[in-house]
Amino acid sequence: MVGVPTPVATPVATPVETPVATHVATQLLSAMYGSLSSPNFPEPYPRHSALRWNISVAPGYRLRLYFSHFHLEPSYLCQYDYVQVEADGEVLALFCGLDQTDTEDVPSLKIISSPRNSLSVFFCSDFSDEERYTGFLAHYSAEDVDECSERSDEELVCDHFCHNFIGGYYCSCRYGYLLHSDNRTCTVECSDGVFRERSGVLSSVDFPSPYPKSSDCSYRIEVAPGFRLRLQFDPRFDVEDHPEVLCPYDHVKVLAGSSEFGPFCGDRAPPEIQTDSNVVTVFFHSDNSGENAGWSLQYTSIGSKCPALETPPNAMLNPVQSEYSFKDHVLFTCSPGYRLLKDGETLDHYQLDCQSDGSWSSSPPLCYSKRPDSFVLYIYYFHCSNLSTCICLYSMCVCAPACGRPARSLPPQVKRIVGGRGAEPGLFPWQVLLSVEDLSRVPEDRWFGSGALLSQSWVLTAAHVLRSQRRDTSVVPVAPEHVKVFLGLLDAGDKRLATNRSVQEIVLHPNFQPDNYNNDIALLRLEQPLDFTEFIRPVCLPPPHSPVRHNNNYIYSQFYLYWAKPVRTIIILLSL
Ligand SMILES: [Ca+2]
Ligand SMILES: [Ca+2]
Ligand SMILES: [Ca+2]
């Protein structure tokens, strides 16, 4: 073994060719000790001799050889007679003659040690002898190799503890480790357990002490759906690497959904990893060598954010936060004097949950006055984008172009109420022309009215426009099929370029009084929804609770619509 103190300093010897035409008698020796000698010993050895002893014992031993007698014909560089000791194809010693010279060696008291468990001795005599030479007598014995005190290459024989015994050795590991199947390295069981807390720390085993070898660890982090995991490595990062090849020995890998990060190795911590997943697996592989400190990381999870909530009129929400994320709840209650309405039911309170996908579990409820003639459906607006507005009717919300915005800005001389002045296209994109035509009556009923577009399907108009003409004061709407709606129209005399729609449903205010025009308000539902264009856009409803001038007093308006579930009718009330 390399580095073993050998009891003999073997001179550099040139392997000697076996004499030509001489038969080599080979003897195999496998006993743990024994002796060998030149032919006829102690009598002079014969000429033309060639003998080989191959000594081989069990692994875990090495062989020691020493000569108790040595008497061979001397010759320059041992060209005549000699003894050569070999092991593993290497010449360990070449001996000849009677005494040590500058060019020849004799065994004297030297002990030759084999590197491993075999040794070969070769004796050769040439065709002549000047004198009588008595040859040699040598002895060998097997001795244990202390593997624990010797190193193979740079590595210790055993990763943790080494136990030498005669003929072998074995390794054991510190508590908590397992001996790898290589019987040398100590590995760990590191793949069980799931991290379920919303944040935590995980690291290589024993961090920052060197991590175990020959290990494949996987760490699973699993938080509730709706959370996204973020990993931040400790700057003390040390995973065995290679200057040219990417992480061939040890590496960290992160798997998050379908995304993979890494492999990471070296002495620089990977950058922060923001995943889109609530389940992350960190894999760590180590090979059977090296001493590196390892890695540690902190993980955190962030819930999906829900859009900002606007408090509906007369409602209170709790808790009020600047932002809400997954698992947050908001409780709605109504101010005194108001009832909470949700999905057609009257409730004391209503809870919205911020869901895993970043949406609210429902639209906010409504609070309406306990007065019996109060509104039923409330159209409210909240921010959708810079260019559009979200309009919710009951719990159905759509993003629509922002209401009340002309396609072009109004010229300064034009007032909101235009007195006989021609308007440009797009200045009043919510303006609707209603054409009522009942040919079944005698005389035929035919008239025009105007309305304001509220949404893709709803038009606000006056009840007297859609009331069937009667002699009495009864209020009956005209048949929807007798009404035609024109939109994006500039000139009432030329409807060719206008968009038109049939009517599906007409709703007159139930308290419309034709004699004095009280509650002169009606709604009309289009058969097919509209696509908003430059010339077709909705008007704004008065925001709830905005001051409205009425009889020279400012009062608050409430303008609500409700899609009442069981009867599918729309009731509108403008309470002033
Ligand atoms: Ca000789
Ligand atoms: Ca041993
Ligand atoms: Ca390694």
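Here are some worked exercises on this predicted model.

**Exercise 1. Getting an overview**

Task: Find out how many helices and strands the protein chain has, and what share of its residues count as buried.

Solution: Start with the secondary structure. The protein chain has 1 helix and 45 strands. Next, turn to burial: 31% of the 576 residues in the protein chain count as buried. Finally, look at the contacts with a separation of 6 or more. Of these, 63% are between residues 24 or more positions apart.

**Exercise 2. The annotated binding site**

Task: Work out which residues the UniProt annotation "binding site" covers, and why they can be said to gather at one spot.

Solution: Begin with the record. In an unreviewed UniProt entry, "binding site" covers Asp 144, Val 145, Glu 147, Asn 164 and Gly 168. These residues span 25 residues in sequence, but no two of their C-alpha atoms are more than 9.0 Å apart, so they gather at one spot.

Now take two of the annotated residues in turn. Asp 144 belongs to strand 9, which covers residues 135–144. Beyond its neighbours within four places in sequence, Asp 144 is in contact with Gly 60, Tyr 61, Ile 166 and Gly 167. Glu 147 sits in the loop between strand 9 and strand 10 (151–152). Again setting aside neighbours within four places in sequence, Glu 147 is in contact with Val 157, Cys 162, Asn 164 and Tyr 169. One of these contacts, Asn 164, is itself covered by the annotation.

**Exercise 3. Buried or exposed?**

Task: Classify Asp 144, Glu 147 and Gly 426 by burial.

Solution: Count the other C-beta atoms within 10 Å of each residue's own; 20 or more makes a residue buried, 12 or fewer makes it exposed, and a count in between makes it partly exposed.

- Asp 144 has 14, so it is partly exposed.
- Glu 147 has 21, so it is buried.
- Gly 426 has 16, so it is partly exposed.

While you are at Gly 426, place it in the chain: this residue is in the loop between strand 35 (396–401) and strand 36 (431–438). Its C-alpha atom is 5.9 Å from that of Pro 406, although the two are 20 residues apart along the chain.

**Exercise 4. A three-stranded sheet**

Task: Give the strand order of the open sheet that contains strand 28, then find which strands stand at its edges.

Solution: First, the order. The 3 strands run 26-28-31, with antiparallel pairing. Second, the edges. Strand 26 (315–318) and strand 31 (350–353) each have a single partner strand, so one side of each is left without a neighbour in the sheet. Third, the twist, which averages 25° from one strand to the next. Last, the pairing in detail: strand 28 (residues 329–334) and strand 31 are joined antiparallel over 4 bridges, and His 329 is opposite Asp 353 of strand 31.

**Exercise 5. The nonpolar cores**

Task: Identify the residues with the most contacts inside the largest nonpolar core, and explain why this core lies between two domains.

Solution: The largest nonpolar core has 36 residues, and Leu 229, Leu 231 and Val 280 have the most contacts inside it. Strand 19 (residues 227–233) gives the largest share, 4 residues. Domain 3 (188–303) and domain 4 (314–363) both contribute residues, so the core lies between them.

Zoom in on Leu 231. Not counting residues up to four places away in sequence, Leu 231 touches Val 254, Glu 272, Ile 273, Val 280, Leu 297 and Tyr 299. There is also a second, separate core of 35 residues, which includes Tyr 45, Leu 63, Val 83 and Val 106.

**Exercise 6. Walking round the barrel**

Task: Trace the strand order of the closed barrel, and name the bridge partner of Thr 461.

Solution: The closed barrel has 6 strands in the order 36-37-38-41-40-39, paired antiparallel. The twist averages 40° from one strand to the next. Follow three of the pairings:

1. Strand 38 (residues 458–461) meets strand 41 (residues 522–526) through 4 bridges; Thr 461 has Ala 522 as its partner in strand 41.
2. Strand 40 and strand 41 are joined by 5 bridges, with Glu 505 partnered by Arg 525 of strand 41.
3. Strand 39 (residues 483–487) and strand 40 (residues 499–508) are joined by 4 bridges, where Leu 487 has Thr 499 of strand 40 as its partner.

How values were computed:
Residues numbered from 1 in each chain as written. Chains lettered and ligands numbered in written order. Predicted model: local features only at pLDDT ≥ 70, side-chain atom pairs only at ≥ 80, totals over all residues. UniProt positions renumbered as here; feature names shortened; annotations may be inferred. Helix = DSSP H or I, 4+ residues; strand = E, 2+ residues; numbered from the N terminus. Contact = placed C-beta atoms within 7 Å. Pairing = 2+ DSSP bridges. Axes fitted to C-alpha atoms, helices over the stretch in contact; angles between N-to-C directions. Core = buried A, V, L, I, M, F, W, Y, C linked by C-beta atoms within 7 Å. Domains from an automatic or database assignment.
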